[in-house]
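Visitor: I would like to learn how to read a protein model feature by feature, with the general idea first and the particular case after it. Could we begin with the fold as a whole?

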Amino acid sequence: MKTTTPFAALLLALLMVSCRESQPQESILPAGFELRAGDVVFRRGCSMMSRSVVALDAHGRYSHVGIVVDSSGHKMVVHAVPGEPDFAGDEDRVKMDAPERFFSSVNAIVGEVCRPADSLSAAHAAQEALRIYRRHVLFDHDYDADDTTRMYCTEVVALAYERAGVALLPAEPHHINIPGLHVDCYFPSDIYDSGLLVSVGQFHR
């Protein structure tokens with residue numbers, strides 16, 4: 001992982017730029033794109049949080065990751081995300097959104113869908129992700145992968161696949177040590193670079 005310098009801290013401050021409010025809200029997911037349960041979906045937006053994640057990750061292309069599940073015959077995305085409430089007072093938590101919302105142009109400027117070769121493990125992981133969602137797990141603002149009572153995005157996907165017998169993460173997390181942030185965590189790129197997923201679609205706004 002790249003060394004973080006005082007310049008990186010300054011960069012994070014400069015990255016407090018949001019998507020243009022004039023940008024019409026639409027989905028960047030191509031119409032008719034076929035998702036399967038267990039697909040791992042990646043996105044990058046232009047919010048402060050998204051840009052900060054990419055800035056901190058030496059290999060980062062994406063700032064967020066989720067997993068596709070089958071909910072009563074409908075493909076949905078389970079993901080843990082801060083700052084996307086469904087209603088006033090909604091807590092940051094593990095959510096289940098329609099793919100079109102996950103890939104909304106408000107939240108995503110680029111996206112990608114990746115798929116494991118083993119469809120049985122993928123289906124199992126999707127079921128595990130649904131169980132995590134139904135537990136009403138809150139978002140882990142401490143980014144502590146050892147505590148599954150609260151979870152962040154990479155943790156949700158990795159744990160779902162781990163329970164399906166597939167290890168997507170490297171042995172060691174990244175050590176982030178900058179003013180105001182001292183955590184050991186995993187990035188979406190750790191899942192992307194696992195070598196166990198194949199890209200089946202890339203798209204952008």
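Guide: This is a predicted model, and a useful first reading is of its contacts: among those between residues at least 6 apart in sequence, 67% join residues at least 24 apart. The protein chain has six helices and ten strands, and of its 205 residues 48% count as buried.

Visitor: What share of the accessible surface belongs to carbon and sulfur atoms?

Guide: The accessible surface of the protein chain comes to about 10500 Å², and 53% of that belongs to carbon and sulfur atoms.

Visitor: How should I read the two faces of a strand, and which residues of β5 point one way and which the other?

Guide: In a regular strand the side chains alternate between the two faces of the sheet. In β5, which spans residues 110-116, V110, E112, C114 and P116 point one way, while G111, V113 and R115 point the other way. The residues on both sides are buried, so that seven of the seven residues of β5 are covered in this sense, a residue being buried when its relative accessible area is under 20%.

Visitor: Which strands pair with β5, and in what sense?

Guide: Strand β1 runs antiparallel to β5 and is joined to it by five bridges, with V40 standing opposite C114. Strand β10 also pairs with β5 in the antiparallel sense, here over seven bridges, and V110 stands opposite H204 of β10.

Visitor: Where do β1 and β2 fit in, and what follows β2?

Guide: β1, residues 40-44, pairs with β2 in the antiparallel sense over four bridges, and V41 stands opposite G66 in β2. Strand β2, residues 64-71, is mostly covered, with seven of its eight residues buried. Five bridges then join β2 to the antiparallel strand β3, residues 74-81, where V78 stands opposite I67. β2 and β3 form a hairpin with two residues between them, and in that turn S72 has a positive phi of about 55 degrees.

Visitor: Let us take a single residue, S199: is it buried, exposed or partly exposed?

Guide: S199 has a relative accessibility of 35%, and because this falls between the cut-offs of 20% and 50% it counts as partly exposed. The residue lies in strand β10, residues 197-204, and, leaving aside neighbours within four places in sequence, S199 is in contact with E112, V113 and C114. Its C-alpha atom is separated by 9.6 Å from that of V41, although S199 and V41 are 158 residues apart along the chain.

Visitor: Turning to the helices, how many residues of α5 are buried, and which are they?

Guide: Nine of the ten residues of helix α5, residues 153-162, are buried, so the helix is largely enclosed by the rest of the structure. The buried residues are C153, T154, E155, V156, V157, A158, L159, A160 and Y161.

Visitor: Finally, how does one read a pocket, and which residues line the second largest pocket?

Guide: Rolling a probe the size of a water molecule over the atoms shows where empty space is left. In this model about 210 Å³ of space lies in the second largest pocket. Its lining consists of A145, T148, Y152, E155, A158, L159, E162, A167, L168, L169, P170 and Y186. By class, nine of the lining residues are nonpolar, one is polar and two are charged.

Conventions:
Residues are numbered from 1 along each chain as its sequence is written. This is a predicted model: local features need pLDDT of at least 70, side-chain atom pairs count only at pLDDT 80 or more; totals for chains, interfaces and linings use all residues. Side-chain values use heavy atoms; hydrogens and water are left out. Buried means under 20% relative accessible area, exposed over 50%, partly exposed in between (1.4 Å probe, protein chains only). Contact means heavy atoms within 4.5 Å. Accessible areas come from the Shrake-Rupley method with a 1.4 Å probe; for residues, only the protein chains shown count as cover. Two strands pair if DSSP finds at least two bridges between them. On a 1 Å grid over the protein atoms alone, a cavity is a set of points where a 1.4 Å probe fits but cannot get out, and a pocket is an open set with protein on both sides within 12 Å along at least five of seven lines; lining residues have an atom within 4 Å of a point. Grid points are joined across faces, edges and corners, and a volume is the space filled by probe spheres set on the points. Ala, Val, Leu, Ile, Met, Phe, Trp, Tyr, Cys and Pro count as nonpolar, Asp, Glu, Lys and Arg as charged, and the others, Gly among them, as polar.
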